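Open the model in your viewer and keep the sequence panel beside it. This tour says what to select at each stop and what is there.

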Amino acid sequence: MSFDPSQIKSIKNFEMYQYWDSKRGDRLMPARADLDPADLRDLLPNILIHEVQLEPLDFRYRLIGSEIVRHLETNPTGQWMSSIPHQKKPSKLWSYLEKAVTDKAPVIATPPYVGRYKAHKSIEDIILPLSIDGVKVNMLFICVDFLSNKQ
């Protein structure tokens, strides 16, 4: 099943997808160097970047936006997901990231919200692969939107 951008519910995630899509051009995916943080000023608090290690597969937190950190108990910047018990394989979060790497395509993730702010009921993530060589995914560019009970 291929990625369908019409399935994105979050306005932030749709904007992020459109930006990523414009930067990739006719390539399968853009490189990190194609992205300019100045273009994403309003989305920066919701952006997360994972470094991808392919052999063995693992994901390191490289950048975590302030809105995401606000919802976390600890800041995992610099940590590998395999070292975080509830995130390592075979977690649901791991499977979403693995799918983006395997398919070399965007993935919409909708994990339940389990954070400290009860006004939120769920999360929608858009996981977008990046590649320095146009073939292998070496980073994942992610926008995390916290959906409220009013949405």
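Two strands count as paired if DSSP finds at least two bridges between them. Keep in mind at every stop that this is a predicted model.

**Stop 1: a hairpin**

Select residues 47-53, which are strand 1, and residues 58-64, which are strand 2. The two strands run antiparallel, and six bridges join them. Together strand 1 and strand 2 form a hairpin, with four residues between them. To see one position across the pair, select H50 and find Y61 opposite, in strand 2.

In a regular strand, side chains alternate between the two faces of the sheet.

Now select E51, R60 and R62. These residues are linked in a network of salt bridges.

Next, move to P56, in the loop between strand 1 and strand 2. What kind of peptide bond joins E55 and P56? The bond is cis, with omega at about -10°.

**Stop 2: a second cis bond**

Select K89 and P90. A cis peptide bond joins this pair too, and its omega is about 20°. P90 sits in the loop between helix 2 (66-71) and helix 3.

**Stop 3: helix 3**

Select residues 92-103, the 12 residues of helix 3. At 1.5 Å a residue, this helix should span 16 Å, and its end C-alpha atoms are indeed 16 Å apart.

Which residues of helix 3 are buried? They are W94, Y96, L97, A100 and V101. Turn the view to look down the axis of helix 3: the buried residues fall within an arc of 165°, so they line one face of the helix. Colour K92 and T102 as well; these two are exposed, on the other side of helix 3.

Go on to K104, just after helix 3. K104 lies in the loop between helix 3 and strand 3 (107-109). Its phi is near 55°, a positive value in a residue other than glycine. K104 has a relative accessible area of 28%, so it counts as partly exposed.

**Stop 4: salt bridges around helix 1**

A search of the whole structure finds eight salt bridges. This stop visits some of them.

Begin with R24 and D21. They form a salt bridge, and their closest N and O atoms are 2.7 Å apart. Both residues lie in helix 1, three residues apart, which is about one turn of the helix. R24 is partly exposed, with a relative accessible area of 22%. D21 also counts as partly exposed, at 29% relative accessibility.

Then select K23 and D39, which form a salt bridge with their closest N and O atoms 3.9 Å apart. This pair links distant parts of the chain: K23 is in helix 1, while D39 is in the loop between helix 1 and strand 1, 16 residues apart. K23 is partly exposed at 29% relative accessibility, and D39 is partly exposed at 44%.

Next come R27 and D34. Their salt bridge has its closest N and O atoms 2.8 Å apart. R27 is partly exposed, with a relative accessible area of 34%.

Stay on D34, in the loop between helix 1 (11-24) and strand 1. Its relative accessible area is 26%, so D34 is partly exposed. Leaving aside neighbours within four places in sequence, which residues are in contact with D34? They are Y19, K23 and R27. For a distance check, draw a line from the C-alpha of D34 to that of E67: the two residues are 33 residues apart in sequence and 24 Å apart in space.

**Stop 5: a buried acid without a salt bridge**

Finish at D125, in strand 4 (residues 120-130). Is D125 buried or exposed? D125 is buried, yet it has no salt bridge. The nearest side chain of opposite charge is that of K12, 11 Å away. A salt bridge needs a side-chain nitrogen of Lys or Arg within 4 Å of a carboxyl oxygen of Asp or Glu.

Show the residues that D125 touches, not counting those up to four places away in sequence. They are N13, V107, I108, A109, P111, I142, C143, V144 and D145.

Technical notes:
Residues numbered from 1 in each chain as written. Predicted model: local features only at pLDDT ≥ 70, side-chain atom pairs only at ≥ 80, totals over all residues. Heavy atoms only, no water. Buried < 20%, exposed > 50% of the residue type's maximum accessible area, 1.4 Å probe, protein only. Lys, Arg positive; Asp, Glu negative; His and termini not counted. Contact = heavy atoms within 4.5 Å. Expected span 1.5 Å × (residues − 1). Arc of directions from axis to C-beta.
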